[in-house]
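Here is a short report on how parts of a protein model meet. Look at the sequence and structure first, then read on.

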Amino acid sequence: MGNRSIVSIADYSREKIQQLLDMAAEFEKAPNRRILQGKVVATLFFEPSTRTRLSFETAANRLGARVIGFTDPKVTSSSKGETLKDTIKMVSNYADVIVMRHKLEGAALYASEVTNVPIINAGDGSNLHPSQTMLDLYSIYKTQGTLENLNIYMVGDLKYGRTVHSLLMSMRKYNPTFHFIAPKELEMPEEYKMYCKLNKINYVEQTDFTEDTIADADILYMTRVQRERFTDLMEYERVKDAYILKADMLGKCRKNMKILHPLPRVNEIEYDVDESEHAYYFEQARNGLYARQALICDVLGITPEQIKTDLTIIEA
Amino acid sequence: MEDKKGRMVAALENGTVIDHIPTQKLFTVVQLLQLDKCKDSVTIGNNYSSKKLGHKGLIKVADRFFSDDEISRLAVVCPNIRLCIIRDYEVVEKKEVCLPDQLTNVVRCANPVCITNNEPMKTVFYVVDKERGIMKCRYCGKEQCIDNIKLV
């Protein structure tokens, strides 16, 4: 069924991305509004994800919508064996937008096919997570003033890291240069390197993570190297400390360089980095609120013009 | 009059002959076309000698003409087989089987955490590389090769 669902933003045009960035910027200027008054947003978290859920629910609440939903599938009828389709059909009777997170890949696309209510994919397994990508793009755009011609360094787990794959694909149209810094066991999968080649995206692969190797970065995108990803625990022990960002590694970096991280971090960014002007991961998480406000409005057919001329702004 | 020894199976008046089936794929074809449930007379032969394959399987179905959809399903199992449409004992049409651009509910996704393996729903695959037989799941995006697929 054709509707305005957001399942993936990988194939969005530059114009569409710009529109969403502009909307997010408007929400950053005035996040509290009544533009969604009378609307009901459902947040269906078939798989728990507190961070993403709080961000979406805050986005909806700050725009005046009401929020229904569940945070844990154990309390819902899916634990009784109800199909995803039936749950979506049922909730479609109540809500104007469905934000859903699911552990199975392709769940959001399927959900969007069985209902006319727009679906926002808040993560389907290791497949896609467009709202994270959108907040990453917004963070890059905001800190660099552009998405064009940037040096983006991705560090850590590039094999399983869904966010780095999505970011890579959505930056395709902006002529980026990527540096993939990862241990051999967690290097960027062949299919994404192929994707870069097909789309003429420049990339460099390296295993060294030092002050010198990150000196030319505009964006340093850190990810967590997780123990459970390794088949060889000896290998894990060997590399686990090699991809930790320390404050003394920032001496040679560019002035405009910002450090992003999808969070939660464990130990891959040392706490003394938080004081650095390059640290941006907490602001990045806040940008998630504005990006999600933009996504919710977009699926409801609210245009950037309507947001710019919105009279429902609640002054602080 | 044709040599009787050369005619190992009875001729069809009307129907379809599926020829050049690789011997190990014969019963998969039977299953795929649901010939086990077919009420018309069906002749199934295997291990005939073939110039092309060495040995081959052969199926004749009386009074049955397969749809393009059924033929495209066949393509998934054996891309090189040929169908002969028979009317009044004559071959009136030969159809080469070829892989379609999209396969609906033919192939099972190899990804255990794909939604299609966990919901009562149809699978959809896009054939992204016909030469190498690469197909991509509409839902989870995982690619698989025609050589090691499982049917729905």
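How much area is buried between domain 1 of chain A and domain 2 of chain A? The answer is about 1700 Å², and carbon and sulfur atoms give 56% of that area. Keep in mind that this is a predicted model.

## The two domains of chain A

The domain assignment splits chain A in two. Domain 1 covers 14–128 + 288–308, and domain 2 covers 131–284. Over C-alpha atoms, the centres of the two domains of chain A are 27 Å apart. Domain 1 of chain A brings 23 residues to the contact, and domain 2 of chain A brings 17 residues.

Which residues of domain 1 of chain A lose the most area to domain 2 of chain A? They are A:Arg14, A:Leu21 and A:Arg51. Together they account for 35% of what that side buries.

## What links the domains

Two salt bridges are counted between domain 1 of chain A and domain 2 of chain A. A:Glu28 and A:Lys142 meet through their side chains in a salt bridge, at 2.7 Å from N to O. Eight residue pairs are in polar contact across this domain interface.

On the domain 1 side of chain A, four elements each supply at least two residues: α1 (14–29), α2 (50–62), β4 (119–124) and α9 (281–299). α1(A) gives the most, with eight residues. By type, this side of domain 1 of chain A has ten nonpolar, seven polar and six charged residues.

## Where chain A meets chain B

The contact between the chains takes eleven residues from chain A and twelve residues from chain B. Chain A and chain B bury about 1000 Å² between them. Of this, 54% lies on carbon and sulfur atoms. Three residues, A:Leu104, A:Glu105 and A:Tyr110, supply 53% of the area that chain A buries against chain B. No other three residues supply more.

## Links between the chains

How many salt bridges cross the interface of chain A and chain B? There are two. A:Glu105 forms a salt bridge with B:Lys142, with the closest N and O atoms 3.1 Å apart. The interface of chain A and chain B also holds eight residue pairs in polar contact.

Two helices of chain A, α3 (84–92) and α4 (107–114), each supply at least two residues of the side that touches chain B. The largest share, four residues, comes from α4(A). The side of chain A that touches chain B divides into five nonpolar, three polar and three charged residues.

How values were computed: Residues are numbered from 1 along each chain as its sequence is written. Chains are lettered from A and ligands numbered from 1 in the order in which they are written. This is a predicted model: local features need pLDDT of at least 70, side-chain atom pairs count only at pLDDT 80 or more; totals for chains, interfaces and linings use all residues. Side-chain values use heavy atoms; hydrogens and water are left out. Domain bounds come from an automatic or database domain assignment. Contact means heavy atoms within 4.5 Å. Buried area is the accessible area (1.4 Å probe) that two parts lose on being put together, summed over both. A salt bridge is a side-chain nitrogen of Lys or Arg within 4 Å of a carboxyl oxygen of Asp or Glu. A polar contact is a pair of N or O atoms within 3.5 Å; within protein, one must be able to donate a hydrogen and the other to accept it, and residues adjacent in sequence count only if both atoms are side-chain atoms. Ala, Val, Leu, Ile, Met, Phe, Trp, Tyr, Cys and Pro count as nonpolar, Asp, Glu, Lys and Arg as charged, and the others, Gly among them, as polar.
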